[in-house]
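Please take a moment with the model below, and then follow the paragraphs after it, which move through the structure part by part.

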Amino acid sequence: MASTAPPLDTPPPGMLAPPPRRVLRHHWLVRLTHWTNALAIILLLMTGLNIFGAHPRLYWGDAGSVDHRAGQWLEIGASPPWRDPGGWLQIGDQRFDTSGLLGVSTSAKGAPNIVAFPHWATLPSGRDLATARSWHFFFAWVLILNGLTWLGHGLVSGRLWRDILPSRSQLSPAHLWHDIVEHAKLRFPKGEAALSYEVLQRLAYAGVTLILIPTVILTGLAMSPGMDAAWPFLDALWGGRQSARSVHFIAMALIAGFLALHLVLVLLSGPIRQIGAMITGRLTIGGAK
Amino acid sequence: MILPRRQLLTALPASLALAGCDALTRNPTAQAVIKSGEQATQRWQRLVGRDGLAREFSAADISPVFKANGTKLPTNPEWQALAAGGFADWRLQVTGLVSRELSLSLADLKRLPQRSQITRHDCVEGWSAIGQWTGPQLAPILKAAGLRDGARYIVFLCADDYGGEASKGGLQSKSRYYESIDLVDAFHPQTILAHSLNNQPLDTAHGAPIRLRVERQLGYKQAKYLMRIVVADSLAPFGQGKGGYWPDRGYEWYAGT
């Protein structure tokens, strides 16, 4: 028989909110793969910028070199007298003065340095293609194996749908607009709502993990003459090796943009609580407003 | 030392992000760990594509100018004397762990069955150029010499002393260029000793009279100005023991990536 009496552990209406409680927010495997991915992405970015410095030009198509620039669309360079202002970024026919950052920057010792990206952005900090390459390829393996682990777990456990992919209702224009407004006002989910990602967060995470990271991996493989011979679809997929190199660079820039935004939002939404949750897995919800 | 996961996860990225990064790249243990990635890459590429063929392009895809890199004019007097004589006296020696040593003239190499392939040359720096290479396959030459037991590597000794470029890092001492490949690549059908680029005899900048083409690896493997092929069981006796001019300077010996 149905009872009209409320269950004993439910506070009567008008009383205080339930006491704060610690809940498991992030599975241990998600935490482990998150931090492994963070390490790999940062080292891949920094070594990649060092590698780019060996040939700071991008082309569309199969081939391209300083002696064959038909497909070139981007170049970072420096003009005499190779000090401020001498560094530039050229995209198509547009040339932008980027002295101090791109083309010419200041070395750790304070001298003008003619290099695509500044020393603080690259690993190793000085030009060293051999070391940058071996680190890049090592952490490419880490990125791939770690990503496959995360993806396999997400698929098998269903977390990919529950936590990352937006639901159909979340994708409605009204819902999307609401979440955009909430982000613009820097109002972040509290209480039970913090136990699940909102739609913009889901779109960002799905975009990075399911589109951008697979793109950098597949374009990276397409730059390998050995892999192109083994899997001829690899360079065909991107319209040639130099196109793959260009897409690799663009996807890298988008990942770097995501990383910056991600860090800013973590800082704005309570860094101790957020980073703590990604380390311990546990989040305190409820309690104090 | 075992750190609690919490400490490890916070300490590791933070310490790496700081200036310790550069020091770590010079740490021998870290270097050994990082180098394991090269082994993994080589094994993986052999697993998925041991017999794969590099893509061959059409004549329309040939780069109008094929960039020449590395040595563009050997200063070695022996090579210069051979070049002055139109390479009539040039001989390619095939020695080492072989049953019969060979000494092949340019005419001998041109009398062998020829292979012509339009392939993409990928420089380690990042650029690519497409060209048509013509010459005999390496495999029948090795078979004619007869590989003896223990043969594992084919080493290519060149005529040029290369000075390296400071911008490319690593050890910059000037020394004789050489390269080496394993038997899988040596017997690959697209591995040829090219005497022509785009149907013209190789010019000086591109490696006259003969350069190696090993199409599934990067440009630095495509050794120019070939003088001698040595069949070997170990790479230790050559150069600084890493199997090539650039591998001796920190680059991967297996240059498939």
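Which residue follows α2(A), and what is the sign of its phi? The residue is Gly158(A), and its phi is positive, near 85 degrees. Before going further, the reader should know that this is a predicted model, in which local features need pLDDT of at least 70 and side-chain atom pairs count only at pLDDT 80 or more, while totals for chains, interfaces and linings use all residues. Residues are numbered from 1 along each chain as its sequence is written, and chains are lettered from A and ligands numbered from 1 in the order in which they are written.

The helix that Gly158(A) follows, α2 of chain A, covers residues 129-157, 29 residues in total; helices (H or I, at least four residues) and strands (E, at least two) are DSSP runs, numbered from the N terminus. From its first C-alpha to its last, α2(A) reaches 41 Å, close to the 42 Å expected at 1.5 Å a residue, where the expected span is 1.5 Å times one less than the number of residues.

Chain A is assigned domain 1 (21-53 + 119-285) and domain 2 (57-116), with bounds that come from an automatic or database domain assignment. The C-alpha centres of these two domains of chain A lie 28 Å apart. Where they touch, 13 residues of domain 1 are in contact with 13 residues of domain 2, contact meaning that the C-beta atoms, placed from the backbone, lie within 7 Å. On the domain 1 side of chain A, helix α8 (residues 241-268) contributes the largest share, six residues. That side divides into two nonpolar, eight polar and three charged residues, where Ala, Val, Leu, Ile, Met, Phe, Trp, Tyr, Cys and Pro count as nonpolar, Asp, Glu, Lys and Arg as charged, and the others, Gly among them, as polar.

The contact between the chains takes 50 residues from chain B and 40 residues from chain A. On the side of chain B that touches chain A, α3(B) gives the most, with nine residues, and by class this side has 19 nonpolar, 17 polar and 14 charged residues.

Chain B also holds an open sheet of five strands in the order β2-β1-β11-β5-β6, with mixed pairing; two strands pair if DSSP finds at least two bridges between them. Its edge strands are β2 (102-104) and β6 (175-182) of chain B, each of which pairs on one side only. Within chain B, strand β5 (residues 153-162) and strand β11 (residues 226-232) pair in the antiparallel sense over six bridges, and Phe156(B) has Ile229(B) in β11(B) as its bridge partner.

Key
Two residues are in contact if their C-beta atoms, placed from the backbone, lie within 7 Å.
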